[in-house]
Amino acid sequence: MIDYQTYPRITGSLRAHSDIAERLHYRGDTDELLRRRQQSLNTNSRKSITWQELQQLFLKNNSNSTIESQIKQLRKYAIEFAGSESDASQIDSVCIYLFELFRNVNQIQVSLLKELKLRFPTYTQQLV
């Protein structure tokens with residue numbers, strides 16, 4: 001039960017135009033919990049693509065030598081980000097991460113650079 005002496009009084013208009021009263025009286029609706037669990041399962045079950053599949057997709061749709069050189073360059077950058085001591089699976093995951101990060105980007109923003117710095121502490125701006 002809620003101890004109303006520890007919470008401030010809620011006015012009628014605040015109750016009418018917000019969900020603060022709902023949050024105070026929330027006791028764990030099972031339907032809501034089931035819905036959130038199902039939603040998290042749906043986002044986690046999303047199919048992820050491997051680096052080899054992504055390479056084949058690029059090469060199948062564009063048989064251009066510039067595509068091959070850009071794929072090699074992305075792999076080289078991934079090795080620099082991950083470190084030369086990383087194994088092939090880690091480098092592949094970094095390649096996919098970099099591709100997904102910069103996929104729809106026309107101009108590099110500071111927020112992307114901060115995200116790279118958080119993910120890869122050895123990152124310097126010379127790599128970008």
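Buried means under 20% relative accessible area, exposed over 50%, and partly exposed in between, computed with a 1.4 Å probe on protein chains only. The model is predicted: local features require pLDDT of at least 70 and side-chain atom pairs count only at pLDDT 80 or more, whereas totals for chains, interfaces and linings use all residues. Residues are numbered from 1 along each chain as its sequence is written, and side-chain values use heavy atoms, with hydrogens and water left out.

**Exercise 1. The chain as a whole**

Determine how many helices and strands the protein chain holds, and what percentage of its residues count as buried.

Solution. Helices (H or I, at least four residues) and strands (E, at least two) are taken as DSSP runs, numbered from the N terminus. On this basis the protein chain has seven helices and zero strands. Along the sequence the pattern is α-α-α-α-α-α-α. Of the 128 residues, 20% count as buried. For the contacts, defined as heavy atoms within 4.5 Å, consider pairs at least 6 apart in sequence: 28% of them join residues at least 24 apart.

**Exercise 2. The span and surroundings of helix H6**

Compare the expected span of helix H6 with the distance between its end C-alpha atoms, and state which helices cover its buried residues.

Solution. The expected span is 1.5 Å times one less than the number of residues. Helix H6 comprises 15 residues (88-102), so it should span 21 Å; its end C-alpha atoms are 21 Å apart, which agrees. The buried residues of H6 are Ile91, Asp92, Val94, Cys95, Ile96, Tyr97, Leu98 and Leu101. Their cover includes helix H4 (51-61), helix H5 (65-82) and helix H7 (110-119).

**Exercise 3. Three residues of H6**

For Ile91, Asp92 and Phe102, establish the accessibility and the contacts beyond four places in sequence.

Solution. Begin with Ile91, which is buried at a relative accessible area of 7%. Leaving aside neighbours within four places in sequence, Ile91 is in contact with Arg75, Ala78, Ile79, Ala82 and Ser86. Ile91 and Phe81 are 10 residues apart in sequence, and their C-alpha atoms are 8.7 Å apart in space.

Proceed to Asp92, which is buried with a relative accessible area of 13%. Not counting residues up to four places away in sequence, Asp92 touches Trp51, Gln52 and Arg75. The side chains of Asp92 and Arg75 make a polar contact at 2.2 Å. Such a contact is a pair of N or O atoms within 3.5 Å; within protein, one must be able to donate a hydrogen and the other to accept it, and residues adjacent in sequence count only if both atoms are side-chain atoms.

Finish with Phe102, which is partly exposed with a relative accessible area of 25%. With neighbours within four places in sequence set aside, Phe102 is in contact with Ile108, Leu112 and Leu116. Phe102 and Leu112 are 10 residues apart in sequence and 8.5 Å apart in space, C-alpha to C-alpha.

**Exercise 4. The two sides of helix H7**

Identify the buried residues of H7 and the exposed residues on the face turned away from them.

Solution. In H7, Leu112, Leu113 and Leu116 are buried. Seen down the axis of H7, these residues fall within an arc of 100 degrees, so they line one face of the helix; the arc is that of the directions from the helix axis to the C-beta atoms. The buried residues of H7 pack against H5 and H6. The face turned away from the buried side carries the exposed residues Val110, Lys114 and Leu118.

**Exercise 5. Aromatic geometry**

Classify the pairs Phe58 with Phe99 and Phe81 with Phe120.

Solution. Rings of Phe, Tyr and Trp (its six-membered ring) pair if their centres lie within 6.5 Å; planes under 30 degrees apart count as stacked, over 60 as edge-to-face and the rest as tilted. The structure holds three aromatic pairs. For Phe58 and Phe99 the ring centres are 5.4 Å apart and the planes stand at 75 degrees, so this pair is edge-to-face. The pair links distant parts of the chain, with Phe58 in helix H4 and Phe99 in helix H6, 41 residues apart. For Phe81 and Phe120, the values are 5.2 Å centre to centre and 40 degrees between the planes, and the pair is tilted. This pair too links distant parts of the chain: Phe81 lies in helix H5 and Phe120 in the segment after H7, 39 residues apart. Both Phe81 and Phe120 are buried. Together with Tyr97 they form one aromatic cluster.
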